[in-house]
Amino acid sequence: MDTQKLKLIGEELFTDNLFDGAAALSFYLFFSLFPGILATFSLLSFFSYQEIQFHIFNFWSPYVPEDIYSMILDVAKEVKNQNNMNIFSLAFVVALWSVTSGLLAIIRQLNIAHKVKETRGFIMQRLSAFFLALGFLAAFTATIVFIIAGDWLSEIIFNEMNFSQVYSVNSFVL
């Protein structure tokens, strides 16, 4: 690369406030993690499916450091024992606010990078971020459900549709 291109890239990095945007996005990511985890565990405490909770804990264990994993387990046990709707409501609202704020930061940073002037008002921006957050939440929830209960769901679906022979051949091949 020649020096002209490097100079242009450097100027764009600073005029687009790339580092400030990255800092804001990481802040909102970490700010929304704990309330999101708390809301998830408090929601799971209302269900009596111990196996699902066990699978969720085991799913995350390879990706989380051991000390943090034990802390999360302690918090989950406390929340499970309390079975309190207030904890869920507060954690869900805080998590949703921080996720929508993070999505607004992404939108702002993309507008800056592409030199687009925002024409929507505050409420429309928040609503757009809210529906984006709900879409991400639905996609994330569906992904986790299919990872945890995929085999069980596929057996039920294929047995109901009388595809049990096709399913047994496919599971043997896979």
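**Exercise 1. Determine how α2 packs against α5 in this model.**

*Solution.* Start with handedness: α2 passes α5 in a left-handed crossing. The model is a predicted one. Next, take the geometry. The two axes come within 8 Å and cross at roughly 160 degrees. Now classify the angle. Angles over 145 degrees count as roughly antiparallel, so α2 and α5 are roughly antiparallel to each other. Last, sort the residues of this contact: 18 are nonpolar, 8 are polar and none is charged.

**Exercise 2. Do the same for α2 and α4, and name the residues in contact.**

*Solution.* Locate the helices: α2 spans residues 18–44 and α4 spans residues 66–82. Their axes lie 9 Å apart, at an angle of about 45 degrees. That angle falls in none of the parallel, antiparallel or perpendicular ranges, and α2 and α4 are therefore oblique to each other. The crossing of α2 past α4 is right-handed. From α2, the contact uses Phe34, Ile37, Leu38, Phe41 and Ser42. From α4 come Ile72, Val75, Ala76 and Val79. By class, the contact has 8 nonpolar residues, 1 polar residue and no charged residue.

**Exercise 3. Place Phe92: which helix holds this residue, and what does Phe92 touch beyond its sequence neighbours?**

*Solution.* Find the helix first. Phe92 sits in α5, residues 85–113. Then list contacts. Leaving out residues up to four places away in sequence, Phe92 touches Ala39 and Leu137. Check a distance too: the C-alpha atoms of Phe92 and Ser42 are 9.6 Å apart, with their positions 50 residues apart along the chain. Finish with exposure. The relative accessibility of Phe92 is 33%, so Phe92 counts as partly exposed.

Definitions and conventions: Residues numbered from 1 in each chain as written. Predicted model: local features only at pLDDT ≥ 70, side-chain atom pairs only at ≥ 80, totals over all residues. Heavy atoms only, no water. Helix = DSSP H or I, 4+ residues; strand = E, 2+ residues; numbered from the N terminus. Buried < 20%, exposed > 50% of the residue type's maximum accessible area, 1.4 Å probe, protein only. Contact = heavy atoms within 4.5 Å. Axes fitted to C-alpha atoms, helices over the stretch in contact; angles between N-to-C directions. Parallel < 35°, antiparallel > 145°, perpendicular 65-115°, else oblique. Left-handed = near helix turned anticlockwise from the far one by under 90°. Nonpolar A, V, L, I, M, F, W, Y, C, P; charged D, E, K, R; others polar.
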